[in-house]
Amino acid sequence: MGETSLRELLGVKPGPVDLRTIDTRATPGDPGGKEKATAAREQTGRALADLQEQMFAMAAVEDSPKRLLLVLQGMDASGKDGAIKRGLGGMNPKWMHVKGFEAPTEEEARHHFLWRIRREVPAPGIVGVFDRSHYEDVLVVRVYSLVPEDVWQPRFEEINAFERELADDGVAIVKVFLHISRDYQLERQIRRLERVDKRWKFNEADIDDREHWDEFRTAYEEVFERCNTPWAPWYIVPADRKWYRMWAVSQLVKETLEGMRLHSPERRELDIPRLLERLRDS
């Protein structure tokens, strides 16, 4: 990958975005194919574990506010579950908070759209993952006309302000769009129906979303144009190749953690010689 980071390669550039121009089978920055990417992901997993522990220890010992929030968006079958399970496979689940956002409950619908999101923001020292997120409130509601345009349009600025608030409070935000092709999605959805062990994942509503593919594409493109900020950048990961998307997510998270200036905190109050002596005598 040379000196160019994956964040630079996959980061959304300022201005309009046309998803049709981004090859869903591309592998920008990959370390040399599937086998090497798999090996690299295992190595990255060990680095993620160390960085995660440092962040948690800093919160516990130094009251550091630092935490990380990974936002995963994508059409059905884009691989969000796999990105969490394998892309973050080296991390300690005890220091993670994973939340999937489905359609709002009756209680959630009575509140501001960010109310349920705020309740799931990771605590200091924790790695949070949103499987879908507050962006559904400018995507699904727009495509299906669940609320008027004069309701969802102002939400772009509300989201930017909310994410700035999080960043100012110590949250490093990584927003990833898993970019798949319509053909790839069809292949995966057919597989779900044909395999008994995968049928439980099939939801007929996902066919409705397929029928609105172009509308979702347009909605996502406006998200990238209006909500890609220095404090909460978007990354578009070509996701038709499973091995690449898992490697890319792990690498993006690793690069972000490495940029957070983490360290293993000292415990100056410990009398090390006395404690060692006591341990040896125990």
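Buried means under 20% relative accessible area, exposed means over 50%, and partly exposed is anything in between (1.4 Å probe, protein chains only). The model is predicted, with local features needing pLDDT of at least 70 and side-chain atom pairs counting only at pLDDT 80 or more, while totals for chains, interfaces and linings use all residues. Residues are numbered from 1 along each chain as its sequence is written, and side-chain values use heavy atoms, with hydrogens and water left out.

**View 1. Arginine 261 has a positive phi and sits out in the open.**
Look for arginine 261 in the loop that runs between helix 12 and helix 13 (272-281). Helices here are DSSP runs (H or I, at least four residues), as are strands (E, at least two), and they are numbered from the N terminus. The phi angle of arginine 261 comes out near 55 degrees, a positive value in a residue that isn't glycine. So is this arginine tucked away or out in the open? Arginine 261 counts as exposed because its relative accessible area is 73%.

**View 2. Alanine 77 also carries a positive phi, but this residue is buried.**
Here we're in the loop between strand 1 and helix 3, where alanine 77 lies. Its phi is about 75 degrees, so positive, although alanine 77 is not a glycine. The relative accessible area of alanine 77 is 11%, which means that the residue is buried.

**View 3. Aspartate 240 is a buried charged residue without a salt bridge.**
Find aspartate 240 in the loop between strand 5 (234-238) and helix 12 (242-258). Which side chain of opposite charge is nearest to aspartate 240? That would be arginine 25, at 5.2 Å. When charges are assigned, Lys and Arg are positive, Asp and Glu are negative, and His and the chain ends are left out. To count as a salt bridge, a side-chain nitrogen of Lys or Arg must be within 4 Å of a carboxyl oxygen of Asp or Glu. Aspartate 240 does make polar contacts, though: its side chain pairs with the side chain of threonine 24 at 2.7 Å and with the side chain of serine 181 at 2.9 Å. (A polar contact is a pair of N or O atoms within 3.5 Å; within protein, one must be able to donate a hydrogen and the other to accept it, and residues adjacent in sequence count only if both atoms are side-chain atoms.) Skip the neighbours within four places in sequence, and aspartate 240 is in contact (heavy atoms within 4.5 Å) with Thr24, Arg25, His179, Ile180, Ser181 and Tyr184.

**View 4. Arginine 116 and glutamate 108 form a buried salt bridge.**
How many salt bridges does the structure hold? The count is 19. In the one shown here, arginine 116 pairs with glutamate 108, and their closest N and O atoms are 3.3 Å apart. Both partners, arginine 116 and glutamate 108, are buried.

**View 5. Two salt bridges join partly exposed partners.**
Start with aspartate 197 and arginine 195, whose closest N and O atoms are 2.6 Å apart. Aspartate 197 is partly exposed at 43% relative accessible area, and arginine 195 is partly exposed at 32%. Now move to arginine 274 and aspartate 271, whose side chains meet in a salt bridge at 3.9 Å, N to O. Arginine 274 has a relative accessible area of 44%, so it counts as partly exposed. Aspartate 271 is partly exposed too, with 36%. Elsewhere, Arg142, Glu222 and Arg226 belong to one network, joined by salt bridges that share partners.

**View 6. Phenylalanine 216 is buried in helix 11.**
You'll spot phenylalanine 216 in helix 11, with a relative accessible area of just 5%. Which residues does phenylalanine 216 touch, leaving aside neighbours within four places in sequence? It is in contact with Met75, Leu139, Val140, Val143, Tyr144 and Asp209. Its C-alpha atom is 8.7 Å from that of arginine 142, although the two residues are 74 residues apart along the chain.

**View 7. Isoleucine 207 and leucine 276 are two partly exposed helix residues.**
Isoleucine 207 belongs to helix 10 and has 34% relative accessible area. Between isoleucine 207 and leucine 186 the C-alpha distance is 9.4 Å, with a gap of 21 residues in sequence. Leucine 276, over in helix 13, is partly exposed because its relative accessibility is 35%. How far is leucine 276 from arginine 116, C-alpha to C-alpha? The pair are separated by 47 Å in space and by 160 residues along the chain.
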